[in-house]
Amino acid sequence: MACGLVASSLNLKPGECLRVWGEVAPNAKSFVLNLGKDSNNLCLHFNPRFDAHGGANTTMCNSKNSGAWGAEQREAAFPFHPGSVAEVCISFDQADLTVELPDGYTFKFPNHLNLEAINCMAGDGDFKIKCVAFD
């Protein structure tokens, strides 16, 4: 899934919130949070891009089903700042994932895989995860 933090056997159920708190690197280019069944089946690939992969100050989301990427969704809200701390809260139901960002920004991303539980999370890039909590 990633080279950074990887957590498995999460068994996150619909309505529960996964909170990830960490520090954005001072020279951040991008970071990734992946959630799903395993590395080939992601209900959410969350990728804030400061200046990477053709994106600047944009948040790109995608899903992966049996190793095949879906259509990208770009979010205009970008409340991340190099050298700051940030918290992201992700919850889901059968239809959508709800992503809460700093400064009160919230958006939805379709649950293309119709997962009934999220078992894996992986984080990588220019975001040092300090705490993961479940609500």
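Strands, labelled E, are runs assigned by DSSP and numbered from the N terminus. The model in these figures is predicted.

**Figure 1. The whole chain is built from strands.** From the N terminus on, the elements run β-β-β-β-β-β-β-β-β-β-β-β. The radius of gyration of the chain is 13 Å, close to the 14 Å that the globule rule gives for 135 residues, so the chain is as compact as a globular protein of that length. The count is twelve strands and zero helices. Along its principal axes, the C-alpha trace spans about 35 × 30 × 30 Å. Of the 135 residues, 46% count as buried. The accessible surface comes to about 6,400 Å². Carbon and sulfur atoms hold 47% of that surface. Contacts reach far along the sequence. Take those between residues at least 6 apart in sequence: 60% of them join residues at least 24 apart.

**Figure 2. Strands E3 and E4 form a hairpin.** Strand E3 covers residues 31-38, and strand E4 covers residues 41-52. Two residues make the connection between E3 and E4 in this hairpin. The two strands run antiparallel and are joined by five bridges. Look for Leu35: its bridge partner in E4 is Leu44. Now consider the surroundings of E4. Eleven of its twelve residues are buried, so strand E4 is largely enclosed by the rest of the structure.

**Figure 3. Ser63 is a buried residue of strand E5.** Strand E5 spans residues 55-65, and Ser63 is found in it. Its relative accessible area is 5%. Buried means under 20%, so Ser63 qualifies. What does Ser63 touch, leaving aside its neighbours within four places in sequence? Its contacts include Leu42 and Cys43. Ala68, Trp69 and Gly70 are also in contact with Ser63. So are Phe109, His112 and Leu113.

**Figure 4. Lys108 sits in strand E10 and is partly exposed.** Strand E10 runs over residues 106-110 and holds Lys108. The relative accessible area of Lys108 is 48%. Exposed means over 50% and buried means under 20%, so Lys108 is partly exposed. Set aside its neighbours within four places in sequence. Lys108 is then in contact with Gln73 and Glu75, and also with Asp96, Leu97 and Thr98. A second lysine gives a sense of scale. Lys108 and Lys13 are 95 residues apart in sequence. In space they are 17 Å apart, C-alpha to C-alpha.

**Figure 5. Arg19, Glu87 and Asp135 are linked in a network of salt bridges.** How many salt bridges does the structure hold? The number is three. This view shows the network of Arg19, Glu87 and Asp135. Arg19 forms one salt bridge with Glu87, and the closest N and O atoms are 3.6 Å apart. This pair links distant parts of the chain. Arg19 lies in strand E2 (residues 17-24), Glu87 lies in strand E8 (residues 85-92), and 68 residues separate them. Arg19 also meets Asp135 in a salt bridge, with 2.3 Å from N to O. That pair links distant parts of the chain too: Asp135 is in the segment after E12, 116 residues apart from Arg19. Are Arg19 and Glu87 buried or partly exposed? Arg19 counts as partly exposed, at 25% relative accessibility. Glu87 counts as partly exposed as well, at 36%.

**Figure 6. Arg74 and Glu72 form a salt bridge.** The closest N and O atoms of this pair are 3.1 Å apart. Arg74 is partly exposed, with a relative accessible area of 42%. Glu72 also counts as partly exposed, at 45% relative accessibility.

**Figure 7. Leu5, Val132 and Phe134 make a nonpolar surface patch.** The patch measures about 240 Å². Which strand holds Phe134? Phe134 is in strand E12, residues 127-134. Its relative accessible area is 45%. A patch residue needs over 30% relative accessible area, so Phe134 meets that cut-off. Phe134 counts as partly exposed.

Notes
Residues are numbered from 1 along each chain as its sequence is written. This is a predicted model: local features need pLDDT of at least 70, side-chain atom pairs count only at pLDDT 80 or more; totals for chains, interfaces and linings use all residues. Side-chain values use heavy atoms; hydrogens and water are left out. Patches are made of residues with over 30% relative accessible area and no salt bridge: like charges are joined within 9 Å, nonpolar side chains (Val, Leu, Ile, Met, Phe, Trp, Tyr) within 5 Å. Accessible areas come from the Shrake-Rupley method with a 1.4 Å probe; for residues, only the protein chains shown count as cover. A salt bridge is a side-chain nitrogen of Lys or Arg within 4 Å of a carboxyl oxygen of Asp or Glu. Helices (H or I, at least four residues) and strands (E, at least two) are DSSP runs, numbered from the N terminus. Buried means under 20% relative accessible area, exposed over 50%, partly exposed in between (1.4 Å probe, protein chains only). Two strands pair if DSSP finds at least two bridges between them. The radius of gyration is taken over C-alpha atoms; the globule rule is 2.2 Å times the number of residues to the power 0.38. Contact means heavy atoms within 4.5 Å.
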